[in-house]
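Please open the structure in your viewer and keep the selection panel at hand. The tour below moves from one selection to the next.

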Amino acid sequence: MGTVKLLKQIDNAFFREVGEIAQFTARFFQTVTKPKQEWEEFVNQCFWVGYKTLTLVGITAFIMGLVLTIQSRPTLVEFGAESLLPSMVSVSLVREISPVITALICAGKIGSGMGAELGSMRVTEQIDAMEVSGTNPFKYLVVTRVLASTVMVPILSSVGIAIGLCGGYLGVNIRGHISWNLFWHQAFEALSFGDLIPSLIKTFFFGFAIGIIGCYKGYNSKKGTEGVGQSATTAVIVASLVVFVLDLIAVQVTDLLGLT
Amino acid sequence: MEPVIQIKDLNKSFGDNHVLRNFNMAINAGENLAILGKSGSGKSVLIKCIISLMEVDSGEMIVLGKDIQLLNSDELDSLRAEVGFLFQSNALYDSMTIRENLEFPLRRHWSKEERKKGADAAVKEALEDVGLSHTIDMMPAELSGGMRKRIALARALILKPKVIMYDEPTTGLDPITSREISNLMLSVQKKYKSAALIISHDLNCIKMTSNRVIMLIEGTRYAEDTYENLRKSEDPKIKEFFD
């Protein structure tokens, strides 16, 4: 009986949270369409999201490209398909690895940052102070951050693909030899718009989800400093989970549209 | 003369906890009204309802001649420019310098040209009012508690409000700094001829700054008089505060 009650409570909390996030998202769309955008703060957030995450995304993408190449080589050698390495690395990076890894890094860095920053502003009454001064804190804090992550995650993912391919080039050249031009020629030859466009579109959704969840958790933070920590942690967990769910949906949609 | 703030039959509850019950009050222009009550008696809730940071269950709140519950968000924002608010926690934006903190309220209420021409002078004047001109390029974290309180007051003053609301202005400060803040509140009132609503349980602050005191007990207006008269009261609930 106790277990049933507990499951019911978990269910209620889950659906309440989903409903609240939906409401928060609806408020975002209502606010973003109203005039007088906070462009200065938007650019500031783009810098924070993009520039400050670039090193982390770059290093990770380079290592992923390198490791993927090194680990795939023996299998391809076994089938005499070593020459397909550049094509395989580019398709893997473009379709899946770079968008998902970039989104997960951003969920960790940006999601937790937004959760903690807005959470601390909430518990120290800074958001109330903005409201009292006549500034719409939702527009100033939430809309700018969500837009910045929606715009910057696709850019970061694209940069990640380029850097990952550089890692792949190094990986190919550790055991074999391929010229710089031939590597890039083979990498691009294997790609089609069916690979690039769905990958780019899904990163917009990843960025939007990371921004919305990070801001939702921070903006609705409660219970003092403990709540701020909780907001940051749950923002990362929920955003990462949502990234995987969105990726699964994107794969299904791409498949249905015959783009795979 | 029409009161600058008038509250009629205000009710606010959180679940079964009735924080404010049929609360009534009025503040006249240029007057300092203090609300005295125990922690948890609903003082901060009252002040947050007046500035529309919280919704009320029922009642009427007229601020500077406008029923705040009937205002749309733009009208409410315009009204808020005429009401300064000093938070208990100061609520300074910790990622901004003192200059940016003070300029922030101007973003919404002044045009770009107005800000270009007058923001610097307005910031300097507000900082001079609180005696902290030298902190203009510092971060809030570099300041002491008393200095942060003064900066928060400067930010509340920058739009030259007609009413200033103080939420526990001296809480957490030492007696000397508390006295300094109380004196500052008086000098600000003299300069700007503003009315003030002071929420506090610091008797020294209330004694120094208020013209009239309302005792908030169990969510109701239990008594209303000058500080000196309330001090002489024989009512045990009032005496409890002064003993």
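How many residues of each class, nonpolar, polar and charged, does the lining of the largest cavity have? The lining has twelve nonpolar, two polar and two charged residues, where Ala, Val, Leu, Ile, Met, Phe, Trp, Tyr, Cys and Pro count as nonpolar, Asp, Glu, Lys and Arg as charged, and the others, Gly among them, as polar.

This is a predicted model, in which local features need pLDDT of at least 70 and side-chain atom pairs count only at pLDDT 80 or more, while totals for chains, interfaces and linings use all residues. Residues are numbered from 1 along each chain as its sequence is written, chains are lettered from A in the order in which they are written, and side-chain values use heavy atoms, with hydrogens and water left out.

Select V132(A), S133(A), F85(B), R155(B) and A156(B), which of the 16 lining residues lie nearest the centre of the largest cavity. On a 1 Å grid over the protein atoms alone, a cavity is a set of points where a 1.4 Å probe fits but cannot get out, and lining residues have an atom within 4 Å of a point. The volume of the largest cavity, meaning the space filled by probe spheres set on grid points joined across faces, edges and corners, is about 160 Å³.

Next, select D9(B), which has a positive phi of about 50 degrees although it is not a glycine. D9(B) counts as partly exposed because its relative accessibility is 41%, between the limits for buried (under 20%) and exposed (over 50%), with a 1.4 Å probe and protein chains only.

Finally, go to E218(B), a residue other than glycine whose phi is also positive, near 50 degrees; E218(B) counts as exposed, at 57% relative accessibility.

Methods:
1 Å grid on protein atoms, 1.4 Å probe; cavity = no way out; pocket = protein on both sides within 12 Å on 5 of 7 lines; lining within 4 Å.
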